[in-house]
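Hi,

Here is the structure I promised to pass on. Have a look at it first, and then read my notes below.

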Amino acid sequence: MCYNCGCEMPDNDMGNPKNITNKTFDEAANASGKKLEEAKKNALDLLEKNLGGKNKNFQTQKSS
């Protein structure tokens, strides 16, 4: 569930299959005919665009 809660356990759905895990990315990559790393990079690129750079600011604040 790491991808949506921040628990840093990317293979644990915490008992809810709707949480985003590595399995989610694997299934999405297979569905689109992409490699796993490419699917994750595409998701990251789109998330960064949607956040409008806010994630970089959040990481800076979190580290402080």
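What follows is a run through what turned up, starting with how far to trust the coordinates.

**Confidence**

Bear in mind that this is a predicted model. The protein chain has a mean pLDDT of 87, with 83% of its residues at 70 or more. The confidence is highest in helix 2, at a mean of 97, and lowest in helix 4 (residues 54-63), where the mean is 58. Where pLDDT is low, the predicted coordinates should not be read in detail. Please keep that in mind for helix 4, given its mean of 58.

**Salt bridges**

How many salt bridges does the structure hold? The count is three. As a reminder of the idea, side chains of opposite charge can pair when their charged atoms come close.

Take helix 2 (residues 22-32) first, since E27 and K23 both sit in it. Their side chains form a salt bridge, with 3.9 Å from N to O. That only just makes the list, because the cut-off is 4 Å. The two residues are four apart, or about one turn of the helix. An α-helix has 3.6 residues a turn, so residues three or four places apart point the same way. K23 is exposed, at 56% relative accessible area, whereas E27 is partly exposed at 46%.

K41 and D45 make another salt bridge, and here the closest N and O atoms are 2.9 Å apart. This pair belongs to helix 3 (residues 36-51), and it too is four residues apart, about one helical turn. Both partners are partly exposed: K41 has a relative accessible area of 48%, and D45 has 28%.

That leaves E38 and K34, whose side chains meet in a salt bridge at 3.9 Å, N to O. E38 is partly exposed at 38% relative accessibility, and K34 is partly exposed at 36%.

**The aromatic pair**

The ring search gives one aromatic pair. It is made of Y3 and F25, with ring centres 4.9 Å apart and planes at 65 degrees, so it counts as edge-to-face. The pair joins distant parts of the chain, 22 residues apart: Y3 comes from helix 1 (residues 2-5) and F25 from helix 2. Is each ring's residue buried or exposed, or something in between? F25 is buried, with a relative accessible area of 15%, while Y3 is partly exposed at 37%.

**The cysteines**

Why is there no disulfide between C5 and C7? The search of the whole structure finds zero disulfides, and for C5 the closest cysteine sulfur is that of C7, 3.6 Å away, which is too far for a bond. The cut-off that matters here is 2.5 Å between the sulfur atoms, so a pair at 3.6 Å does not qualify. The same distance holds from the other side: C7 is in no disulfide, and its nearest cysteine sulfur is that of C5. C5 is partly exposed, at 41% relative accessibility, and C7 is partly exposed as well, at 25%.

**Backbone points**

Most residues other than glycine have a negative phi, and most peptide bonds are trans. Which residues have a positive phi without being glycine? E8 is one of them, with phi near 65 degrees, and M14 has a positive phi of about 55 degrees. E8 lies in the loop between helix 1 and helix 2, and M14 lies in that loop too. E8 is exposed, at 65% relative accessibility, whereas M14 is partly exposed with a relative accessible area of 37%.

A positive phi also turns up at G52, which follows helix 3 and has a value near 60 degrees. As for helix 3 itself, its 16 residues at 1.5 Å a residue should span 22 Å, and the end C-alpha atoms are indeed 22 Å apart, which agrees.

**If you only look at a few things**

I would open the ring pair of Y3 and F25, then the K41 to D45 salt bridge at 2.9 Å, and then the sulfurs of C5 and C7 at 3.6 Å. After that, E8 and its positive phi are worth a glance.

Cheers

Definitions and conventions. Residues numbered from 1 in each chain as written. Predicted model: local features only at pLDDT ≥ 70, side-chain atom pairs only at ≥ 80, totals over all residues. Heavy atoms only, no water. Buried < 20%, exposed > 50% of the residue type's maximum accessible area, 1.4 Å probe, protein only. Phe/Tyr/Trp six-rings, centres within 6.5 Å; stacked < 30°, edge-to-face > 60°. pLDDT = per-residue confidence, 0-100. Expected span 1.5 Å × (residues − 1).
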